[in-house]
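User: Hi! Could you walk me through this model? I'd like to hear how the pieces fit together.

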Amino acid sequence: MDTIVCPMGGGASRLYSTPTQTHSSSPLPLPLPLSQQPDNTNMSVLQQQKGSPACPPDPAALLRQCEEALGDRPHRLHRKFTHLNDGDSAPSSPIRLMQWNILAQALGEGLDSFVQCSPEALSWSRRKYLILEEILTYRPHILCLQEVDHYYDTLQPVLAGLGYSSNFCPKPWSPCLDVEGNNGPDGCALFFDQSRYEFLDSVSIRLSAMRIPTNQVAVVTMLRCRSTGRCVCVAVTHLKARSGWEWLRSAQGSDLLRHLQNVIQKQAGDPAGAPSSDIPLLICGDFNAIPTEEVYRRFAASPLGLDSAYKKLSHNGLTEPAYTTWKIRPTGECCSTLDYIWYSQHTLRVDAVLDMPTEEQIGPNRLPSFSYPSDHLSLVCDFSFKET
């Protein structure tokens with residue numbers, strides 16, 4: 001695969017923080033209480049990089065330190081997995097995948113105007129621990145994130161220390177750059193556990209509409225499962241937001257599907273091959289589209305044989321959750337389903353799905369909050385390869 005470089009907006013390069021390069025073989029010191037931390041504090045709990053795929057640091061210990069750093073905050077959202085294997089034995093090589101729009105820090109504190117959320121709850125000194133806590137609680141083998149604007153100084157070094165490799169593609173003209181004191185452009189990031197997966201290739205894509213490049217991006221990574229030898233192609237994207245842009249989201253989705261078709265055919269070594277390749281696809285994203293939109297229908301009807309994993313939570317297996325995002329802005333309350341995990345239904349099986357928190361759990365002020373760092377909820381699924 002030839003990598004398509006995503007150019008950054010004017011002046012963006014000077015806005016990146018210097019990546020943290022601290023290495024330590026000593027135990028992680030306990031973090032300071034949040035009340036003693038400025039927003040730009042580089043805590044050692046978020047710098048630790050010692051470790052390798054063979055011997056990463058203990059995620060449970062890091063999770064405990066995040067919880068201690070957060071102190072007496074309200075209880076985190078309690079969510080359970082719904083298991084779908086009907087009493088069958090556990091899969092031998094499960095794939096745990098997390099999809100999450102984590103809310104760009106610059107947007108949360110600047111442009112997004114969450115009128116019911118305390119400014120303190122939106123501070124990076126708090127949100128970085130909540131974000132890491134969510135990831136460490138579920139420990140995905142593959143992690144797909146949107147609105148990442150603290151990749152180099154936080155997420156990449158911390159997760160690298162836990163054995164994850166990653167790829168990041170910023171938006172060419174990120175709205176974060178318009179916010180004073182920003183940390184650089186936001187974009188999409190894809191992380192994977194190197195102890196479980198061998199990296200084969202990755203491409204960063206600037207999505208087009210009618211052959212015209214847009215401001216939205218995707219990362220597509222080809223991996224090989226170390227235990228089974230099976231390949232899997234994983235993609236993460238974030239489509240155009242706002243009402244009135246439905247046609248653009250549809251065009252961007254079509255462009256992504258075209259790229260994915262090319263990627264799996266190239267990996268299979270058959271450029272003229274049929275769409276029903278035996279290389280499974282996992283496509284994660286904030287599509288900014290409700291299930292009745294054309295872009296959703298395009299994915300559902302794609303010759304790639306895709307289905308949406310979170311429909312498995314419904315009684316009939318045909319309905320998406322009532323919401324994946326719930327927020328209050330000056331224009332009013334927004335409760336809708338915009339985030340999805342698409343998978344190849346002929347080659348992958350959904351074994352478990354993390355349920356959605358109730359309205360009561362989320363609370364009257366909605367998201368984000370002191371309990372949860374983003375206006376979007378994480379989606380987590382366990383998959384396994386079907387027998388060939």
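**A helix across a sheet**

Analyst: Happy to. Helix α5 (residues 246-268) lies across β6, β7, β8 (231-238), β9 (281-286) and β10, and runs at about 145° to β6. Keep in mind that this is a predicted model.

User: Thanks! In what order do the strands of that open sheet come?

Analyst: The order is β6-β7-β8-β9-β13-β10, making 6 strands with mixed pairing. At the edges stand β6 (197-209) and β10 (306-308); each has a single partner strand, so one side of each is left without a neighbour in the sheet. From one strand to the next, the twist averages 20°.

User: And how does β10 run relative to β13, parallel or antiparallel?

Analyst: Antiparallel, with 3 bridges joining β10 to strand β13 (residues 339-344). If you want a spot to look at, L306 stands opposite S344 in β13.

User: Let me zoom in on Q216. Where is that residue found?

Analyst: Q216 is in strand β7 (residues 212-225).

User: Is Q216 buried or exposed?

Analyst: Buried: the relative accessibility of Q216 is 7%, and the cut-off for buried is under 20%.

User: Which side chain does the Q216 side chain make a polar contact with?

Analyst: That of Q252, at 2.8 Å. Since helix α5 covers residues 246-268, you'll find Q252 by looking there.

User: What else is Q216 in contact with, leaving aside its neighbours within four places in sequence?

Analyst: Besides Q252, the contacts of Q216 are I205, R206, L207, H238, L239 and K240. With β6 spanning 197-209, you can look for I205, R206 and L207 on that edge strand.

User: Nice. Switching topic: how do α3 and α4 cross?

Analyst: The axes of helix α3 (residues 124-138) and helix α4 (residues 151-161) come within 12 Å, crossing at roughly 35°. That crossing of α3 and α4 is right-handed.

User: Which residues meet there, between α3 and α4?

Analyst: From α3 you have W124, I131, L132 and I135, and they meet T154, L155, V158 and L159 of α4. In α4, those four are among the buried residues, along with Y151, D153, P157 and G161.

User: Why would you call α4 largely enclosed by the rest of the structure?

Analyst: Because 8 of its 11 residues are buried. The buried residues of α4 pack against α1 (59-70), α3, β3 (142-148), β4 (164-170) and β5 (187-193).

User: Anything to see just after α4?

Analyst: Yes, G163 takes a positive phi there, of about 100°.

User: You mentioned β3. How many of its residues are buried?

Analyst: 7 of the 7, so β3 is largely enclosed by the rest of the structure too.

User: Which strands is β3 joined to by bridges?

Analyst: Strand β2 (residues 95-101) is joined to β3 by 5 bridges, and the two run parallel. Another 5 bridges join β3 to β5, this time antiparallel. To place them in the viewer, the bridge partner of L97 is I142 in β3, while L145 has A189 in β5 as its bridge partner.

User: Last one, the big picture. How many helices and strands does the protein chain have?

Analyst: There are 7 helices and 15 strands. Of the 388 residues in the protein chain, 57% are buried. The accessible surface is about 16400 Å², with 51% of that belonging to carbon and sulfur atoms. As for contacts with a separation of 6 or more, 77% are between residues 24 or more positions apart.

Note on methods
Residues numbered from 1 in each chain as written. Predicted model: local features only at pLDDT ≥ 70, side-chain atom pairs only at ≥ 80, totals over all residues. Heavy atoms only, no water. Buried < 20%, exposed > 50% of the residue type's maximum accessible area, 1.4 Å probe, protein only. Polar contact = N/O pair within 3.5 Å; in protein donor to acceptor, adjacent residues only side chain to side chain. Contact = heavy atoms within 4.5 Å. Pairing = 2+ DSSP bridges. Axes fitted to C-alpha atoms, helices over the stretch in contact; angles between N-to-C directions. Areas by Shrake-Rupley, 256 points an atom, 1.4 Å probe, with all protein chains shown as cover. Left-handed = near helix turned anticlockwise from the far one by under 90°.
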